[in-house]
Amino acid sequence: MKKFLGLVVGMIVIVVGIILVKTYSVPDIQPAAEAVESSHQPLDSAAEHLAQAISFATISHHPAMMDTETFDHFHNWLGKTYPTVFSTLEVDTFGTHSLLLKWNGKSANQPILFMAHQDVVPIDQNANWEYPAFGDLVQGDYIYGRGALDDKGALISIFEAMEALAKNKFIPEHDVYFAFGQDEEIGGKNGAQLIAQHFEKLGLRFRLVLDEGGIISEGIIPGLEQSVALIGTAEKGYISLDVETHFEGGHSSMPQDTNAITLAADVINALRNHPFESRLCGSMEGFLEYLGPHFSFTTRMAAANRWAFEGVIINAYSAKPSGAALVHTTCTPTITRAGIKDNVIPMRALVTFNSRILPGETEETVIAHYEKALSGLPVKITVHDDFSENPSPISDHKAPEFLEFANVVKRNYPDCLIAPYLVLGATDGRYMTDVSDHVYRFLPFRFKGDDLARLHGVNERVSVNDFENAIVFYMDAISSLSN
């Protein structure tokens, strides 16, 4: 018995020793780039230009509902506001209003691509906006309105950067492309997808692609007070499923225990009780590699020894919705439809569920999960609006291209740590994974906890300082990454 206990103790000591050695030997791989005094300066009128751009209600509802006149006015405004851009770069149009600009460099080899989108989501007419959602307004230290963060802030930052560089007679060493879609918020079929197909026909491959996605986190990541620049190396897939129930109806004065609506409630409960499995995907592994040495001891130990503590890490992230979404495929009801009159028991009810798919799973595996969870219920499952997307491939966070871009971010935001990241929403960048192995997603705006709710929410805004810093960032990125 003593020998057995001694063996157990010895094994424990060995395991603890391995854990401690790995905890203290994990290298810090943060970029070493230091801040430099930038020669780039935004134009004095930049903030007013973003406010003016926001005033154009370039809303995406459904392709058939597109307000082409508003987009026409917006394009006219772009041409007048950035004349040097449109006289220097080649301009092409896809769909009806998606723009592709090409800045001819000294070489056509190893081109790079910057992306943003022109469209915005609708607003809730009953929501209480502090300032008009489509006003032309700079108020105090902020620019308010729909699109300030998603994505006209980036779009106009890039245009301001292009205009300033073009006025200074900048010529890139390698070709630089700019793709500005018209319909990112409804899938990008008439924008980024068409542009990507155009690139494929031309045989173009990009050394690096940059779109929106990651942010600068200010105190949002548990266990880290320091700002973190989150660079998206992949994005989750997207699928919505309609789950339809049928049961005999009748008069509400003589109800049965079961009807179509109660079955719909059973559907919701069944899916809540059968969540998708949680795990760490490649982007999250990179996230822990980059940030692990900067966490407190216990979190650093877990990050360095994922073989022993992966479950602990997953449980920690699962404590909050924003963290849980990073480690599993989500499933949430978003639309319900049933009934035609208050005293009529409906024969049909429908619940639409939205799932964001973790890399490593597919549309097919998600549907199979729904079918298994609902196997005991009389339901019909169909894909909502016939639209779904698999998760994007994961761009390597160990590639030289990632490090090169991370260095640009670091020297512009020297107070920030850098980390690869899994983007929870969908971006136009997913269409470019067939024309580039290095698609990165980063929006150079600082977000505190309450700012996340402003995305697609009420009182969307960006600080003037963040916006002007973003212009300098894009000027640096365009000029340095193309050389």
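**Entry 1: Arg279 and Glu361**

I started with Arg279, which forms a salt bridge with Glu361 in this predicted model. The closest N and O atoms of Arg279 and Glu361 are 3.8 Å apart, and the cut-off is 4 Å, so the pair counts. Next I looked up where the two partners sit. Arg279 is in the loop between helix H7 (260–272) and helix H8 (282–291), and Glu361 is in the loop between strand S13 (348–357) and helix H12 (363–373), so the bridge ties together parts that are 82 residues apart in sequence. I then checked the accessibility of each partner. Arg279 is partly exposed at 22% relative accessible area, whereas Glu361 is buried at 14%.

**Entry 2: Lys236**

Glu361 turned up again when I looked at Lys236, as the nearest side chain of opposite charge. Which is Lys236, buried or exposed? Lys236 is buried, yet has no salt bridge. Glu361 is 8.3 Å away from Lys236, and a salt bridge needs a nitrogen and a carboxyl oxygen within 4 Å, so I do not count this pair.

What does the side chain of Lys236 have beside it? I found the backbone oxygen of His328 at 2.8 Å from a polar atom of that side chain. Lys236 itself is placed in the loop between strand S8 (228–235) and strand S9 (237–246). Leaving aside neighbours within four places in sequence, I noted contacts of Lys236 with residues including Ala325, His328, Thr329, Arg356, Ile357, Pro391, Leu422 and Gly425.

**Entry 3: more salt bridges**

I had the salt bridges counted, and there are 16. One of them joins the side chains of Glu173 and Lys106, at 3.1 Å from N to O. Glu173 lies in the loop between helix H5 (152–167) and strand S6 (174–181), and Lys106 in the loop between strand S2 (98–103) and strand S3 (107–117), so this pair links parts 67 residues apart in sequence. Glu173 is partly exposed, with 32% relative accessible area, while Lys106 is exposed, with 58%.

Then I moved to Arg207 and Glu404, a salt bridge whose closest N and O atoms are 2.6 Å apart. Arg207 is in the loop between helix H6 (192–202) and strand S7 (208–217) and Glu404 is in helix H13 (residues 400–412), so the pair ties together parts 197 residues apart in sequence. Arg207 counts as buried at 14% relative accessibility, and Glu404 as partly exposed at 26%.

I also jotted down a network of salt bridges that links Lys189, Glu389 and Arg430.

**Entry 4: the nonpolar core**

How many residues does the largest nonpolar core have? It has 91. Phe114, Met162, Phe178, Phe180 and Phe287 have the most contacts inside this core. I followed Phe180 further: not counting residues up to four places away in sequence, Phe180 touches, among others, His97, Leu99, Leu101, Ala116, Gln118, Ile158, Phe159 and Met162.

**Entry 5: Thr68 and His97**

His97 came up once more with Thr68. The two are 29 residues apart in sequence, and their C-alpha atoms are 8.0 Å apart in space. Thr68 is found in helix H3 (residues 68–81) and is partly exposed, with a relative accessible area of 38%.

**Entry 6: helix H14**

Last, I checked the length of helix H14 (residues 464–481). At 1.5 Å a residue, its 18 residues should span 26 Å, and the end C-alpha atoms are 25 Å apart, which agrees. H14 is mostly covered, with 14 of its 18 residues buried.

Definitions and conventions:
Residues are numbered from 1 along each chain as its sequence is written. This is a predicted model: local features need pLDDT of at least 70, side-chain atom pairs count only at pLDDT 80 or more; totals for chains, interfaces and linings use all residues. Side-chain values use heavy atoms; hydrogens and water are left out. Helices (H or I, at least four residues) and strands (E, at least two) are DSSP runs, numbered from the N terminus. The expected span of a helix is 1.5 Å times one less than its number of residues. Buried means under 20% relative accessible area, exposed over 50%, partly exposed in between (1.4 Å probe, protein chains only). Lys and Arg count as positive and Asp and Glu as negative; His and the chain ends are not counted. A polar contact is a pair of N or O atoms within 3.5 Å; within protein, one must be able to donate a hydrogen and the other to accept it, and residues adjacent in sequence count only if both atoms are side-chain atoms. Contact means heavy atoms within 4.5 Å. A nonpolar core is a set of buried Ala, Val, Leu, Ile, Met, Phe, Trp, Tyr and Cys residues joined through side-chain atoms within 4.5 Å.
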